[in-house]
Amino acid sequence: MKTRLLAFSALATVLSLTAACGSDGSGGGSDAAAPAAVNETVTDTATPEVEASASETESATASPSASASPSASASPFGAACSDVPASVTGEPVGKAISGIPSLSTLSGVVRTAGLARTLNKGKDFTLFAPTNEAFTKVPKKKLDRLMGNKQALSALMAYHVVKGRKTPADLRRGKLKTVQGGELTTSGSGQSFKINDANVVCGDVVTRNATVYMIDSVLMPK
């Protein structure tokens, strides 16, 4: 339990440090939603820092490219991108994923974990977003066991977030340290990439404050 609480604190602290406190239009309540899975023990609790300006994130009139993303001029790629509305470029990431039908389960997990506001207020990070289909691959017993477990869901989310906006070039081959403290292995080229064992089905989706890569499997902390 202690390690889960620390993982929850890590994600909230890292992203909250990037912006002033306040609510966003997408809401950050505790609506009921499909649960997510994560290993029962999350032992890596390192908390990397995210550098950002609170005043820049808080601005209500910020343009879609206000966060100076290196991929701001790029277009999303992948078979699942037809599901992504153009409006996401002007929205904070928590709100953006709630408007993508194939990420409805993830959006519910974010709300259940109480992280919608945290994601919306962070700045310049990358989210590897499991699709609805990805969650169906998780064994039902794990889903049932973790239902309503806010700390476990937060630890799961922390493992899907890395500091900085990553471009496809950053994913060709290497390792990325997550907010949870563990590492992700990336590989690929062109429009075909893998994050650990998950395939990117829609990549380089730029939102106001983060870059999103939709993946076909849930990433499990080791």
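Which residues does Asn-196 touch, if we leave out those up to four places away in sequence? I would like to start there and work outwards, keeping in mind throughout that what we are looking at is a predicted model. Asn-196 touches Tyr-159, Glu-183, Leu-184, Thr-185 and Leu-219, and with one of these, Tyr-159, it shares a polar contact of 3.2 Å between the two side chains. Asn-196 has its place in the loop between β5 and β6, and these two strands form a hairpin with 2 residues between them, in whose turn Asn-196 takes a positive phi of about 55°.

Let me stay with that hairpin for a moment. Strand β5 covers residues 192-195 and is joined to β6 by 2 bridges, the two strands running antiparallel. If you look at Ile-195, you will find that it stands opposite Ala-198 in β6. On its way onward, β6 forms a hairpin with β7 too, this one with 3 residues between the strands. Here 4 bridges hold the antiparallel pair β6 and β7 together, and Val-200 has Ile-215 in β7 as its bridge partner. As for how β6 sits in the protein, this strand is mostly covered, with 7 of its 9 residues buried.

Now to the sheet as a whole. In what order do the 7 strands of the open sheet lie? Reading across, the order is β2-β1-β7-β6-β5-β4-β3, and the pairing is mixed. The edges belong to β2, residues 161-163, and β3, residues 173-177, each of which pairs on one side only. Neighbouring strands of this sheet are turned against each other by 30° on average, if we ignore direction. As general background, strands of a sheet pair through backbone hydrogen bonds, either parallel or antiparallel.

At the β3 edge there is another hairpin to point out. Strand β4, residues 183-189, runs antiparallel to β3, and 5 bridges join the two. Two of the pairings that you can pick out on the screen are Leu-176 with Leu-184 in β4, and Arg-173 with Ser-187, again in β4. The hairpin of β3 and β4 has 5 residues between its strands, and within it Gly-181 takes a positive phi near 110°. You will recall that Leu-184 was also among the residues touched by Asn-196.

From the sheet I would like to move to the interior. The largest nonpolar core has 34 residues, and those with the most contacts inside it are Val-93, Val-110, Leu-127 and Met-157. Several elements supply at least two residues each to this core, including the helices α3 (93-98), α4 (104-112) and α5 (116-121), and the strands β1 (125-130), β6 (198-206) and β7 (210-215). The largest share, 4 residues, comes from α8. Apart from this core lies another one, of 14 residues, and among them are Val-162, Phe-193, Val-200 and Leu-219. Two of those names have come up already, since Val-200 is the bridge partner of Ile-215 and Leu-219 is touched by Asn-196.

Two residues in helices deserve a closer look. Is Ala-96 buried or exposed? Ala-96, which is found in helix α3, has a relative accessible area of 2% and is therefore buried, the cut-off being under 20%. Not counting residues up to four places away in sequence, Ala-96 touches Val-88, Glu-91 and Thr-207. Its C-alpha atom lies 9.0 Å from that of Val-84, a residue 12 places apart from Ala-96 in sequence. The second residue is Leu-119, in helix α5, which counts as buried because its relative accessibility is 1%. Leu-119 and Val-93 are 26 residues apart along the chain, and their C-alpha atoms are separated by 6.4 Å.

Finally, some figures for the whole chain. The protein chain has 8 helices and 7 strands, and of its 222 residues, 50% count as buried. Among contacts between residues at least 6 apart in sequence, 78% join residues at least 24 apart. The chain exposes about 9600 Å², of which carbon and sulfur atoms supply 51%.

Terms used:
Residues are numbered from 1 along each chain as its sequence is written. This is a predicted model: local features need pLDDT of at least 70, side-chain atom pairs count only at pLDDT 80 or more; totals for chains, interfaces and linings use all residues. Side-chain values use heavy atoms; hydrogens and water are left out. A nonpolar core is a set of buried Ala, Val, Leu, Ile, Met, Phe, Trp, Tyr and Cys residues joined through side-chain atoms within 4.5 Å. Buried means under 20% relative accessible area, exposed over 50%, partly exposed in between (1.4 Å probe, protein chains only). Two strands pair if DSSP finds at least two bridges between them. Contact means heavy atoms within 4.5 Å. Accessible areas come from the Shrake-Rupley method with a 1.4 Å probe; for residues, only the protein chains shown count as cover. Axes are lines fitted to C-alpha atoms, for helices over the stretch in contact, and angles run from 0 to 180 degrees between N-to-C directions. A polar contact is a pair of N or O atoms within 3.5 Å; within protein, one must be able to donate a hydrogen and the other to accept it, and residues adjacent in sequence count only if both atoms are side-chain atoms.
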